[in-house]
Amino acid sequence: MKVTKPRGTRDFPPKEMHERNHAKEMIESLFIRYNYHEILSPTMEHSQLFRVKSGEEIGEHMYVFQDKGGREMCLRPEATASVCRMFVDSLRDLKKPVKVYYSCPMFRYERPQKGRYREFWQMGVELLGSGGWEADSEVIYLACKSMEALSLEFTLEIGHIGVLRNLMTDMDLDDRIQDKVIYYLDTEEEDKLVDVVGDETILELVKLKGSDGILEKAGSILEGYVRAQKTIGELSDVVGLLDAQGVKYTINLGMGRGLEYYTGVVFEMRVKGLGAENQVCGGGRYDELVELFGGPPTPAVGFAFGFDRVLDAMKEQGVVFPERKVDVLVAPVSREVWADAFKVASRLRENFVTDIDLLNRKLGKILDYGNGLGARFVVIVGSEELSRGEVTLKDMSSGDQSRVEIKELVRELSERLG
Ligand code: HAM
């Protein structure tokens with residue numbers, strides 16, 4: 001019987017896992033240096049958690065099922081709602097701001113294509129308990145630094161859902177219409193906006209994209225809309241701090257984002273070479289979600305990288321991954337020396353990546369195997385050498401070999417491996 005893997009999922013062979021782990025460690029070490037702490041929430045949640053505010057798009061694409069107790073469950077499609085639930089359950093008493101990160105699989109029942117999977121990984125941060133533009137800037141800056149750490153070329157687009165929402169509130173448009181407008185912006189169906197709002201000010205505002213003078217233009221379009229104008233001021237504080245750090249970006253006041261919980265700054269990052277699915281990062285401010293889940297008013301901001309797309313981009317842009325090396329291969333030449341060979345290997349494994357022949361091969365074949373592994377050294381364990389407390393150390397790149405006392409082996413290898 002042949003059983004295939006589910007559509008939109010992937011197996012990751014060792015080489016790929018090695019590359020993924022390398023990228024993950026680079027990003028993670030940066031998150032830690034910005035003092036974010038790792039958390040993990042369940043893969044499975046009550047579907048209600050995401051139905052409330054994650055938006056139409058996510059709702060349609062959720063993996064939903066009934067458990068044996070008749071509860072409607074789902075596989076997590078994103079982590080921000082889970083983090084807010086967890087904040088209310090167990091993080092709310094921590095010192096503010098609470099800074100957390102995660103790296104875990106998400107599930108969306110979408111049409112699979114290059115860069116779009118049904119099971120995919122996100123690495124993201126959430127910063128809860130600060131409503132300031134400083135927090136927005138830190139989070140956006142960290143996303144940029146992560147891309148730089150991986151040597152990826154990217155573009156950054158910044159928008160502000162609050163400007164749009166405040167304008168629509170100033171115009172007395174209800175939440176349902178507001179959500180629809182933002183949905184059409186996200187799905188890039190701007191032509192449909194006219195049917196929903198038909199107001200020139202909104203249509204003009206969402207067309208504002210670029211780097212120079214955009215905020216000034218927005219300011220004049222929004223003349224008389226007090227709340228919306230104030231929010232432009234907030235956005236200009238955020239980008240002012242980014243300017244001071246030398247961050248390059250474009251402003252896009254028509255940025256929608258597929259998730260409904262955003263209330264303020266939103267941003268997206270794209271990379272070259274990935275075709276249609278080139279958005280590697282999305283994030284923004286969501287000041288009402290914690291309260292919606294029963295917590296105290298807690299402003300929050302965060303982002304998530306689509307980790308699979310980050311990996312694809314690294315390959316596409318020719319980023320070189322360090323190879324995984326075997327330092328030493330231990331070669332027992334006969335059955336009698338196996339116990340000693342095993343001891344030697346076990347001692348070496350305290351310091352070096354060490355393999356041992358497990359197929360009882362002849363020495364020539366073990367050396368071939370060592371070459372295939374890219375082993376730097378082979379330690380040949382034979383009975384004659386053992387009787388003198390020695391082994392033979394073979395340097396696989398030069399071919400040179402010499403006798404070494406077993407008690408000196410670790411020191412000798414440490415010196416030669418550098
Ligand atoms: P999102 O934009 O839905 O935001 O997803 C973030 C990233 O996940 C996207 O930019 C994309 O790279 C990746 N992604 C999304 N769907 C797929 C898929 N089917 N296959 C592969 N990659 C995918 C969120 O999920 C928010 N929770 C981000 C956030 C955190 N906002 C505030 N904090």
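**Entry 1: the ligand.** I began with the polar atoms around the ligand and noted that a polar backbone atom of G302 lies 3.4 Å from a nitrogen atom of the ligand. I record here that the model is a predicted one. I then looked up G306, where a polar backbone atom is 3.4 Å from an oxygen atom of the ligand. For E110, I found a polar side-chain atom at 2.6 Å from a ligand nitrogen atom. I also listed the surroundings: 27 residues lie around the ligand, and those that come nearest are E78, T80, E110, Y262 and Q279.

**Entry 2: helix 1 and helix 5.** I next examined how helix 1, residues 14–33, packs with helix 5, residues 133–149. I noted an angle of about 145° and axes 9 Å apart. I entered the crossing of helix 1 and helix 5 as right-handed. Which residues make the contact? On the side of helix 1 I found M26, I27, L30 and F31, and on the side of helix 5 I found L142, K145, S146 and A149. I sorted the residues of this contact into six nonpolar, one polar and one charged.

**Entry 3: strand 16 and strand 17.** I turned last to strand 16, residues 390–395, and strand 17, residues 401–405. In what sense do strand 16 and strand 17 pair? I recorded an antiparallel pairing over five bridges. I looked up V391 and found V404 of strand 17 as its bridge partner. I noted that strand 16 and strand 17 form a hairpin, with five residues between them. In the turn I marked G399, which has a positive phi of about 85°.

Key: Residues are numbered from 1 along each chain as its sequence is written. This is a predicted model: local features need pLDDT of at least 70, side-chain atom pairs count only at pLDDT 80 or more; totals for chains, interfaces and linings use all residues. Side-chain values use heavy atoms; hydrogens and water are left out. Axes are lines fitted to C-alpha atoms, for helices over the stretch in contact, and angles run from 0 to 180 degrees between N-to-C directions. Helices (H or I, at least four residues) and strands (E, at least two) are DSSP runs, numbered from the N terminus. A crossing is left-handed if the near helix is turned anticlockwise from the far one by less than a right angle, and right-handed if clockwise. Contact means heavy atoms within 4.5 Å. Ala, Val, Leu, Ile, Met, Phe, Trp, Tyr, Cys and Pro count as nonpolar, Asp, Glu, Lys and Arg as charged, and the others, Gly among them, as polar. Two strands pair if DSSP finds at least two bridges between them. A residue is near a molecule or strand if one of its heavy atoms lies within 4 Å of it. A polar contact is a pair of N or O atoms within 3.5 Å; within protein, one must be able to donate a hydrogen and the other to accept it, and residues adjacent in sequence count only if both atoms are side-chain atoms.
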